[in-house]
Amino acid sequence: MGKPNIIYILADDMGYGDFGAFNNGLSQTPVLDQLITQSTSLTQHYSASPICSPSRAGFLTGRYPHRTGAIETRELRGLCNLAIRETTLADMFKTAGYATGLVGKWHNGCLQERFGPNARGFDEFTGFRSGWQDFYDWIMDRNGQHSKTDGRYLTDVFTEEAIDFVTRHQKEPFFLHLAYNAPHTPLQAPQEDIEPFAQTGKFNKAVSTIYGMIRRMDIGIGRLLETLDKLGLAENTIVCFTSDNGPQFGGQGENSTVRFNCNFNGAKGKVYEGGIRVPMIMRWPEGLKADHKIDHMIHACDWFPTLLSAAGIHPPSNLKLDGTNVL
């Protein structure tokens with residue numbers, strides 16, 4: 001068995017209860033539901049923060065967010081900047097000879113190149129650096145070069161870019177961080193994905209749209225997994241799926257985003273279970289059991305040492321990590 005490829009898929013504000021497998025079919029996530037049966041699933045997995053930037057910083061560094069500089073989401077004040085002193089997971093994989101790529105949302109340094117993904121270990125970046133982006137009227141940052149929308153739905157764009165990255169790097173080990181911005185605001189989805197929920201009469205406009213956004217992302221993940229199969233990469237590729245934090249609840253009437261979340265208390269922005277307890281599905285046919293559950297508490301900071309261990313890479317002895325290798 002050679003070095004495993006790694007694809008770490010991160011949804012944005014997706015709750016535990018947004019999985020069809022956990023909400024008795026309220027949403028439609030057939031790909032993710034099937035992935036559970038093929039994977040080791042962590043039932044007590046916690047994000048590093050109940051908000052975006054610190055949560056991502058914890059995953060990228062293996063350190064608690066308050067150590068990393070990325071303590072808040074506000075970009076103009078630099079509070080989302082991942083400190084230059086920090087070593088990222090992409091730095092480690094790049095040094096070890098992996099092709100490294102980020103597709104999607106960054107939000108760990110928006111306004112200066114030295115805080116951007118290409119300066120933090122990612123050979124390739126296609127996405128946006130800020131906290132949100134319109135799903136139709138978007139601007140794309142491709143390694144520092146910007147282009148305006150071509151009219152495609154942004155989730156589809158990120159899926160296509162991820163497939164392209166995997167296809168181009170199929171002959172070498174790669175680390176791909178696929179950071180979808182669904183189902184974060186603005187709440188937008190193709191009508192064909194909203195309609196199955198709107199026509200039931202069970203959901204208001206906002207929740208129907210959120211479930212539509214998740215449906216579209218699920219379809220995209222299915223296309224990416226099919227690509228791994230076609231290229232013969234599935235057996236030795238670690239595929240992780242999780243969310244940066246719990247669901248965002250707010251709004252009134254038709255705009256209320258409050259929905260089922262497995263009866264957890266709280267939501268995004270709160271350190272109750274609803275804000276920080278998020279699913280983690282980890283598929284690695286050559287290295288982990290399928291259809292297996294682990295109930296031990298595991299934290300997002302654990303992924304830095306754990307994924308490196310899976311690849312046979314040892315962090316520098318002087319790198320002070322808060323995460324633990326849970327492999």
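The following dialogue examines the sheet, several helices and some individual residues of a predicted model.

Student: In which order do the 10 strands of the open sheet follow one another?
Tutor: The sheet is open, and its pairing is mixed. Neighbouring strands are turned by 15° against each other on average, direction ignored. The order is β6-β5-β4-β3-β7-β1-β8-β9-β2-β10.

Student: Which strands stand at the edges of this sheet?
Tutor: An edge strand here has a single partner strand, so one side of it is left without a neighbour in the sheet. The strands in that position are β6 (145-148) and β10.

Student: Which residue takes a positive phi in the hairpin of β5 and β6?
Tutor: Strand β5 (residues 139-142) pairs with β6 in the antiparallel sense over four bridges. Within that pairing M140 stands opposite S147, and D141 stands opposite H146. The hairpin has two residues between the strands, and the positive phi, near 55°, belongs to N143.

Student: In which sense does β2 pair with β10, parallel or antiparallel?
Tutor: Strand β2 (residues 40-46) pairs with strand β9 (residues 280-283) in the antiparallel sense over three bridges, and S41 has I281 as its bridge partner in β9. With strand β10 (residues 292-299), β2 forms six bridges, and L42 stands opposite I294 there. The sense of the pairing between β2 and β10 is parallel.

Student: How many of the seven residues of β2 are buried?
Tutor: A residue counts as buried when its relative accessible area is under 20%. Strand β2 is largely enclosed by the rest of the structure, because the number of its seven residues that are buried is six.

Student: Is T242 of strand β8 buried or exposed?
Tutor: T242 lies in strand β8 (residues 237-243). Not counting residues up to four places away in sequence, T242 touches Y8, I9, L10, A11, H45, V278, P279 and M280. Its relative accessibility is 2%, so T242 counts as buried.

Student: What distance does helix α6 reach from its first C-alpha to its last?
Tutor: Helix α6 spans residues 205-230 and has 26 residues. At 1.5 Å a residue, a reach of 38 Å is expected, and the value in the model is close to that. From first C-alpha to last, α6 reaches 38 Å.

Student: Why is α6 described as largely enclosed by the rest of the structure?
Tutor: One buried residue of this helix is S208, with a relative accessibility of 1%. Leaving aside neighbours within four places in sequence, S208 is in contact with I194, F197, A198 and F203. The helix as a whole is described as largely enclosed because its buried residues number 19 of the 26.

Student: Which residue with a positive phi follows α6?
Tutor: At the start of the helix, a side-chain oxygen of N204 reaches to within 3.3 Å of the backbone nitrogen of A206. After the helix comes a residue whose phi is near 70°, namely G232.

Student: At what angle do the axes of α2 and α8 cross?
Tutor: Two packed helices are described by the angle between their axes and the distance between the axes. The axes of helix α2 (residues 52-61) and helix α8 (residues 303-310) come within 6 Å and cross at roughly 35°.

Student: How many residues of the contact of α2 with α8 are nonpolar?
Tutor: Helix α2 contributes F59, L60 and T61 to the contact, and α8 contributes W303, F304 and L307. One of these residues is polar and none is charged, while the number of nonpolar residues is five.

Student: Which backbone oxygen does the side chain of S53 reach at 2.9 Å?
Tutor: S53 lies in helix α2 and is buried, with a relative accessible area of 0%. Beyond residues up to four places away in sequence, S53 touches A70, E72, T73, C80, H107 and N108. A polar atom of its side chain lies 3.5 Å from the backbone oxygen of E72. The backbone oxygen reached at 2.9 Å is that of H107.

Student: Which residues does L35 touch, not counting residues up to four places away in sequence?
Tutor: L35 lies in helix α1 (residues 30-37). Its relative accessibility is 1%, so L35 counts as buried. The residues that L35 touches, with that exclusion, are L225, I281 and R283.

How values were computed: Residues numbered from 1 in each chain as written. Predicted model: local features only at pLDDT ≥ 70, side-chain atom pairs only at ≥ 80, totals over all residues. Heavy atoms only, no water. Expected span 1.5 Å × (residues − 1). Buried < 20%, exposed > 50% of the residue type's maximum accessible area, 1.4 Å probe, protein only. Polar contact = N/O pair within 3.5 Å; in protein donor to acceptor, adjacent residues only side chain to side chain. Axes fitted to C-alpha atoms, helices over the stretch in contact; angles between N-to-C directions. Contact = heavy atoms within 4.5 Å. Nonpolar A, V, L, I, M, F, W, Y, C, P; charged D, E, K, R; others polar. Pairing = 2+ DSSP bridges.
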